Amino acid sequence: MTETNFMTDGSDLISLETDPVRKDLLQRIQHTLDKIRPYIQADGGDVYLVGYADGIVTVTMAGACNGCMVIDSTLNDGIKAILMDEVPEVHDVRLLETNNYNEFNPYY
């Protein structure tokens, strides 16, 4: 599988996908993130689908989530747990952080 990365709500990632099975998978991942999003936004943050490859979903967190001390808990106990429960193909969720210079750095 190929990995494509976008910093959007996931719609670009999904619309550019040509494989119908993978497109359906990305739509299910995005749908699940959309269900989680209001709870994260209530605390001033947000979550975006960045990519998917080999069972690993990559997301980025924005707003108040940047620099938050409980981001690991939000990622592992919230986003990862729910995605793995609702989308069986998902085996892990990883965070892609951005720094002040808008460069991407993987955070595992």
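## Cysteines, core and pocket

Cys-68 is partly exposed, with a relative accessible area of 32%. Here buried means under 20% relative accessible area, exposed over 50%, and partly exposed in between (1.4 Å probe, protein chains only). This is a predicted model, with residues numbered from 1 along each chain as its sequence is written. Local features need pLDDT of at least 70, side-chain atom pairs count only at pLDDT 80 or more, totals for chains, interfaces and linings use all residues, and side-chain values use heavy atoms, without hydrogens or water.

**Exercise 1.** Find how many disulfides the structure holds (cysteine sulfur pairs within 2.5 Å).

*Solution.*
- Step one: take Cys-65. Its nearest cysteine sulfur belongs to Cys-68, 6.4 Å away.
- Step two: apply the cut-off. Cys-65 is in no disulfide, and neither is Cys-68.
- Step three: give the total. The structure holds zero disulfides.
- Step four: add burial. Cys-65 is buried at 10% relative accessible area, while Cys-68 is partly exposed.

**Exercise 2.** Work out which elements build the largest nonpolar core. Such a core is a set of buried Ala, Val, Leu, Ile, Met, Phe, Trp, Tyr and Cys residues joined through side-chain atoms within 4.5 Å.

*Solution.*
- Step one: size it. The core has 23 residues.
- Step two: find those with the most contacts inside the core. They are Ile-29, Leu-33, Val-57, Ile-79 and Leu-83.
- Step three: map the elements. Helices H1 (11-15), H2 (20-42) and H3 (71-86) each give two or more residues, as do strands E1 (45-53), E2 (56-63) and E3 (92-98).
- Step four: rank. H2 gives the most, with six residues.
- Step five: follow Leu-33. Beyond its neighbours within four places in sequence, Leu-33 is in contact (heavy atoms within 4.5 Å) with Val-47, Leu-49, Val-59, Ile-79 and Leu-83.

In soluble globular proteins, nonpolar side chains tend to be buried together.

**Exercise 3.** Describe the lining of the largest pocket.

*Solution.*
- Step one: count. The lining has 16 residues, and Tyr-39, Ile-40, Asp-43, Cys-65 and Thr-74 lie nearest the centre.
- Step two: sort by character. Eleven are nonpolar, four polar and one charged.
- Step three: assign elements. H2 and H3 each supply at least two lining residues. The largest share, five residues, comes from H3.

**Exercise 4.** Place Gly-78 and relate it to Ile-40.

*Solution.*
- Step one: locate. Gly-78 lies in helix H3.
- Step two: check burial. Gly-78 is buried, at 19% relative accessible area.
- Step three: compare separations. Gly-78 and Ile-40 are 38 residues apart in sequence and 9.8 Å apart in space, C-alpha to C-alpha.

Conventions: Helix = DSSP H or I, 4+ residues; strand = E, 2+ residues; numbered from the N terminus. 1 Å grid on protein atoms, 1.4 Å probe; cavity = no way out; pocket = protein on both sides within 12 Å on 5 of 7 lines; lining within 4 Å. Nonpolar A, V, L, I, M, F, W, Y, C, P; charged D, E, K, R; others polar.
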